Amino acid sequence: MTRETWNDMEARRRGEPTEDERREASELAALCRDVLGTDKGRKLLAWMRARTKDSVLGPGVSESALWYREGQRQLVDQLERATAHGLTISVGQLRDELPKD
């Protein structure tokens with residue numbers, strides 16, 4: 001991490017990402033594009049989505065199980081967004097292109 005600049009402090013004050021945060025997001029998007037943007041990677045994303053975001057838990061599950069599932073859903077969502085950003089497509093387009101069971 002580099003030393004925070006005046007521009008970084010101003011960006012943080014406005015609620016915007018710093019230069020380091022932008023660079024890190026760009027690197028993550030490229031990594032997700034290279035790994036999850038492939039045919040096999042998209043199959044993996046589809047599998048993760050089917051088991052987290054597209055499934056529901058029964059009425060008798062514990063609160064901790066609900067929070068655990070929500071964490072899984074958030075992770076899948078972040079991976080989808082980073083992959084879509086790396087592929088320069090929308091998240092909706094990426095989801096439409098995921099293989100179906």
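These are my notebook entries on a predicted model, taken one topic at a time.

**Entry 1: the core**

I started with the inside. Which residues make up the largest nonpolar core? I found ten residues there: Cys-32, Leu-36, Leu-45, Ala-46, Met-48, Val-76, Ala-82, Ala-84, Leu-94 and Leu-98. Helices H2, H3 (39-51) and H4 each give two or more residues to this core. I jotted down the general background too: in soluble globular proteins, nonpolar side chains tend to be buried together.

Next I picked one core member, Leu-36, and looked up what it touches. Skipping residues up to four places away in sequence, I got Gly-41, Arg-42, Leu-44, Leu-45, Leu-79 and Thr-83.

**Entry 2: Thr-83**

Thr-83 turned up in that list, so I followed it, since its relative accessible area of 0% puts it below the 20% cut-off for buried. Thr-83 sits in helix H4. With neighbours within four places in sequence left aside, Thr-83 is in contact with Cys-32, Arg-33, Leu-36, Gly-37, Leu-45 and Leu-94. Cys-32, Leu-36, Leu-45 and Leu-94 are names I'd already written down for the core.

**Entry 3: Glu-80**

Is Glu-80 buried or exposed? I looked it up: Glu-80 has a relative accessible area of 0%, so it counts as buried. Its place is in helix H4, which covers residues 63-87. What does Glu-80 contact, beyond its neighbours within four places in sequence? My list reads Leu-45, Arg-49, Lys-53, Val-91, Leu-94, Arg-95 and Leu-98. Leu-45, Leu-94 and Leu-98 are core residues, while Arg-49, Lys-53 and Arg-95 come back in the next entry, in a network with Glu-80.

**Entry 4: salt bridges**

How many salt bridges does a search of the whole structure find? It finds 13. I looked at a few of them.

- Glu-10 and Arg-13 meet through their side chains at 2.9 Å, N to O. Both lie in helix H1 (residues 6-13), three residues apart, which is about one turn of the helix. Glu-10 is partly exposed at 22%, and Arg-13 is exposed at 61%.
- Arg-22 and Glu-19 form a salt bridge at 3.9 Å, N to O. This pair lies in helix H2, again three residues apart, or about one turn. I noted both as partly exposed, with Arg-22 at 41% and Glu-19 at 46%.
- Asp-34 and Arg-33 form one at 3.0 Å, N to O. Asp-34 is partly exposed at 47%, and Arg-33 is partly exposed at 33%.

Then I checked for salt bridges that share partners. They join Arg-49, Lys-53, Asp-54, Asp-77, Glu-80, Arg-81 and Arg-95 into one network. I underlined Glu-80 here, the residue I had noted as buried.

**Entry 5: nonpolar residues on the surface**

Last, I looked at the outside. Where is there a nonpolar patch on the surface? Leu-28, Leu-31 and Val-35 form one, with about 270 Å² of accessible area together. I placed Leu-31 in helix H2, residues 19-36.

I also looked up Leu-75, which is in helix H4. Why does Leu-75 count as partly exposed? Its relative accessible area is 48%, and partly exposed runs between 20% and 50%, so Leu-75 falls inside that range. One distance went into the margin: Leu-75 and Ala-50 are 25 residues apart in sequence and 13 Å apart in space, C-alpha to C-alpha.

Technical notes:
Residues numbered from 1 in each chain as written. Predicted model: local features only at pLDDT ≥ 70, side-chain atom pairs only at ≥ 80, totals over all residues. Heavy atoms only, no water. Helix = DSSP H or I, 4+ residues; strand = E, 2+ residues; numbered from the N terminus. Buried < 20%, exposed > 50% of the residue type's maximum accessible area, 1.4 Å probe, protein only. Contact = heavy atoms within 4.5 Å. Patch = residues over 30% accessible without salt bridge, like charges linked within 9 Å, V, L, I, M, F, W, Y side chains within 5 Å. Areas by Shrake-Rupley, 256 points an atom, 1.4 Å probe, with all protein chains shown as cover. Salt bridge = Lys/Arg side-chain N within 4 Å of Asp/Glu carboxyl O. Core = buried A, V, L, I, M, F, W, Y, C linked by side-chain atoms within 4.5 Å.
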